[in-house]
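Open the model in your viewer and keep the sequence panel beside it. The tour below goes from one selection to the next.

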Amino acid sequence: MNERFIPVATSELRTTQAAEGLRRRAFTVAEIEAMVEAGIIAENERFELIGGEVVPMSAKGLRHERLKTWVVRQLAKQLPDTIGFTPETTFRLSPDTFLEPDFVLYDTAVGLEGLNGATCLLAIEIADTSLDYDKGRKALIFAGFGIAELWVIDAVTRLTTVHREPSPIGYRRVADVRPDDALTALKVAGLELRLAAYA
């Protein structure tokens, strides 16, 4: 989608303009959080905010949830107390953008309060119906905010696409890791996942 911010002459409201040329009201993370708190948006409604635009997320199927549960167990077993992980947190990246990856890993000294593009050690997405989006547009967003490493795990094939070396135009290094090969993280010592072990 070709989109950019357009100033509105008669007010301070920002808008975005999509490919079809229609202006749209751009929201901030704070405004979305206020709408959730006021009950305008349900707490369990699944979406992300990208450049001020609300992007609905597809429903998660059983295959996705089973694999996510397995990954939770592996992280809990392997990670030291100095590394925190949080599933499906609202990852605030800028005043007008938040994503909800399946997992973010971070130094516990930083905590969720200090979580941002620079302090995220690893982001993990488990993809079923959203595979193309997660490996494409969403990976570009993660890279643009400087997330050092992104794993996109295909819930069907268990093939993991590892993204490293972020830049404003995407990740410079992208490689596929087969289920029987070890997944290791650059900034998380001791973590090793083998998707072939998932049953």
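A residue is called exposed when its relative accessible area is over 50%, and buried when that area is under 20%. Both words return at several stops.

**Stop 1: the whole chain**

Select everything. This is a predicted model, and the pLDDT of the protein chain averages 85, with 88% of the residues scoring at least 70. Now select residues 1-11, where the pLDDT is below 50. In the model this stretch has 25 contacts beyond near neighbours in sequence.

Return to the full chain and colour it by secondary structure: four helices and 15 strands should appear. The protein chain has 199 residues, and 43% of them count as buried. Among contacts with a separation of 6 or more, 46% join residues 24 or more positions apart.

**Stop 2: helix H1**

Select residues 29-38, which form helix H1. Which residues of H1 are buried? They are Val29, Ile32 and Met35. These three lie on the same side of H1, because they cover an arc of only 125° around the axis. Turn to the other side of H1 and show Ala30, Glu37 and Ala38, which are exposed.

Next, add the strands that the buried residues of H1 pack against: S4 (47-50), S5 (53-56), S7 (91-94) and S8 (97-99). Then step just past H1 to glycine 39, which takes a positive phi of about 85°.

**Stop 3: the largest pocket**

Show Glu43, Glu45, Phe47, Thr90 and Glu100 as sticks. Of the 16 residues that line the largest pocket, these lie nearest its centre. The space in this pocket is about 320 Å³. How many of the lining residues are nonpolar, polar and charged? The lining has six nonpolar, two polar and eight charged residues. Helix H1 from the previous stop supplies three residues, the largest share of the lining.

**Stop 4: glutamate 125**

Select residues 120-127, which make up strand S10, and pick out glutamate 125 within the strand. Is glutamate 125 buried or exposed? Its relative accessible area is 3%, so glutamate 125 is buried.

Finally, display what glutamate 125 touches, leaving aside residues up to four places away in sequence. The list includes the charged residues Glu100, Asp102, Asp134 and Lys138. Also in contact with glutamate 125 are Pro101, Phe142, Leu150, Trp151, Val152 and Ile153. Glu100 appeared at the previous stop, among the residues nearest the centre of the largest pocket.

Terms used: Residues are numbered from 1 along each chain as its sequence is written. This is a predicted model: local features need pLDDT of at least 70, side-chain atom pairs count only at pLDDT 80 or more; totals for chains, interfaces and linings use all residues. Side-chain values use heavy atoms; hydrogens and water are left out. pLDDT is the predictor's confidence in each residue, from 0 to 100. Contact means heavy atoms within 4.5 Å. On a 1 Å grid over the protein atoms alone, a cavity is a set of points where a 1.4 Å probe fits but cannot get out, and a pocket is an open set with protein on both sides within 12 Å along at least five of seven lines; lining residues have an atom within 4 Å of a point. Grid points are joined across faces, edges and corners, and a volume is the space filled by probe spheres set on the points. Helices (H or I, at least four residues) and strands (E, at least two) are DSSP runs, numbered from the N terminus. Buried means under 20% relative accessible area, exposed over 50%, partly exposed in between (1.4 Å probe, protein chains only). The arc is that of the directions from the helix axis to the C-beta atoms.
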